[in-house]
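Please look through the sequence and the model below before reading on. The paragraphs that follow move from the packing of helices to aromatic rings and then to single residues.

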Amino acid sequence: MATRWLPFELHPGTPLEGAPKPFTDEQWPVIERRLRTLARQVGVPIEPPRRNANSRLALEAGEFVRARAGDESSAAFHHAVSRAFFIDGADIAGLQIIANHVAPFGISEDELREAWTSHAYAGAIDISMRAASAAGVTGVPAFGWTGSPAVSGMMEPQRIVDVLRGAPH
């Protein structure tokens, strides 16, 4: 069964400059510890950000990569941008950051700027968001299979394994 990464805008109301996470200074250490623990359990490095990023244009860029270079390239772009945000603390709403990540897929900064200005790939994000909503996606990560409701949200690794074992083949 092939895996296909689809765009999902977790915080669609986030302004372009980002916004603080909705946790108090007292709540944050517990949240941060949980994120670090879950990430460590699945072998993923993380520096949990204190701010939500506006990911809309990065998602549109991912769809540009998909259109230009295919699903596998879109997945590679997604992973690179996720690392930039969750490890390096990069501003993934910034043109230069995203331009650096689309360049390996043959997309120039000027092409990216034009795609962002025209919102050429916004429709693909909107379609994916409607499909995610219809499948019951409420958080990330999310896993879905054709004809089955999605499973979404931060969960223990064993729960993910259990979900995947029960997935239709």
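How are α3 and α4 placed relative to each other, oblique or roughly parallel? This is a predicted model, and in it the axes of α3 and α4 come within 10 Å and cross at roughly 140 degrees. Since angles over 145 degrees would count as roughly antiparallel, the two helices α3 and α4 are therefore oblique to each other. Their crossing is right-handed, and the contact is made by F77, A80, V81 and A84 on the side of α3, and by I98, H101 and V102 on the side of α4. In general terms, two packed helices are described by the angle between their axes and the distance between the axes.

The helix α2 can be read in the same manner, beginning with its own length. At 1.5 Å a residue, the 14 residues of α2 should span 20 Å, and the C-alpha atoms at its ends are indeed 20 Å apart, which agrees. Most of this helix is covered, since eleven of the 14 residues of α2 are buried; among them are L57, A58, L59, A61, F64 and V65, and the charged letters R56, E60, E63 and R66 also appear in that buried group. The buried residues of α2 pack against α3 (71-86), α4 (95-102), α5 and α6. Just after α2 comes G70, which takes a positive phi of about 100 degrees.

One of these partners, α5, can be followed in detail. The axes of α2 and α5 come within 10 Å and cross at roughly 120 degrees, which makes α2 oblique to α5. The crossing in which α2 passes α5 is right-handed, and the contact is made by L57, A58, E60, A61, F64 and R68 of α2 together with E111, L112, A115 and W116 of α5.

The aromatic rings offer another way through the model, for the structure holds three aromatic pairs. In one of them, the rings of F23 and W28 have their centres 6.2 Å apart and their planes at 35 degrees, so this pair is tilted. The two partners sit in unlike surroundings: F23 is partly exposed, with a relative accessible area of 29%, whereas W28 is buried, with a relative accessible area of 5%. In another pair, the rings of F64 and Y121 have their centres 5.0 Å apart and their planes at 15 degrees, so this pair is stacked. Because F64 lies in helix α2 (residues 56-69) and Y121 in the loop between α5 (109-118) and α6 (122-135), the pair ties together parts that are 57 residues apart in sequence. F64 counts as buried at 7% relative accessibility, while Y121, at 21%, counts as partly exposed; the boundary between the two classes is 20%.

The loop that holds Y121 contains another residue to look at, for H119 is also placed in the loop between α5 and α6. Most residues other than glycine have a negative phi, and most peptide bonds are trans. H119 has a positive phi of about 55 degrees although it is not a glycine, and with a relative accessible area of 42% it is partly exposed. A peptide bond is to be noted as well: V140 and P141 are joined by a cis peptide bond, with omega at about -5 degrees, and P141 is found in the loop between α6 and β3 (142-143).

Two pairs of positions show how separation along the chain and separation in space can be set side by side. A135 lies in helix α6 and, at 26% relative accessibility, counts as partly exposed. The C-alpha atoms of A135 and A150 are separated by 5.4 Å, with these positions 15 residues apart along the chain counted as their separation; leaving aside residues up to four places away in sequence, A135 touches P149 and A150. E17, by contrast, has its place in the segment before β1 (19-20) and is exposed, with a relative accessible area of 62%. E17 and V42 are 25 residues apart in sequence, and from C-alpha to C-alpha they are 30 Å apart in space.

How values were computed:
Residues are numbered from 1 along each chain as its sequence is written. This is a predicted model: local features need pLDDT of at least 70, side-chain atom pairs count only at pLDDT 80 or more; totals for chains, interfaces and linings use all residues. Side-chain values use heavy atoms; hydrogens and water are left out. Rings of Phe, Tyr and Trp (its six-membered ring) pair if their centres lie within 6.5 Å; planes under 30 degrees apart count as stacked, over 60 as edge-to-face and the rest as tilted. Buried means under 20% relative accessible area, exposed over 50%, partly exposed in between (1.4 Å probe, protein chains only). Helices (H or I, at least four residues) and strands (E, at least two) are DSSP runs, numbered from the N terminus. The expected span of a helix is 1.5 Å times one less than its number of residues. Contact means heavy atoms within 4.5 Å. Axes are lines fitted to C-alpha atoms, for helices over the stretch in contact, and angles run from 0 to 180 degrees between N-to-C directions. Angles under 35 degrees count as roughly parallel, over 145 as roughly antiparallel, 65 to 115 as roughly perpendicular and the rest as oblique. A crossing is left-handed if the near helix is turned anticlockwise from the far one by less than a right angle, and right-handed if clockwise.
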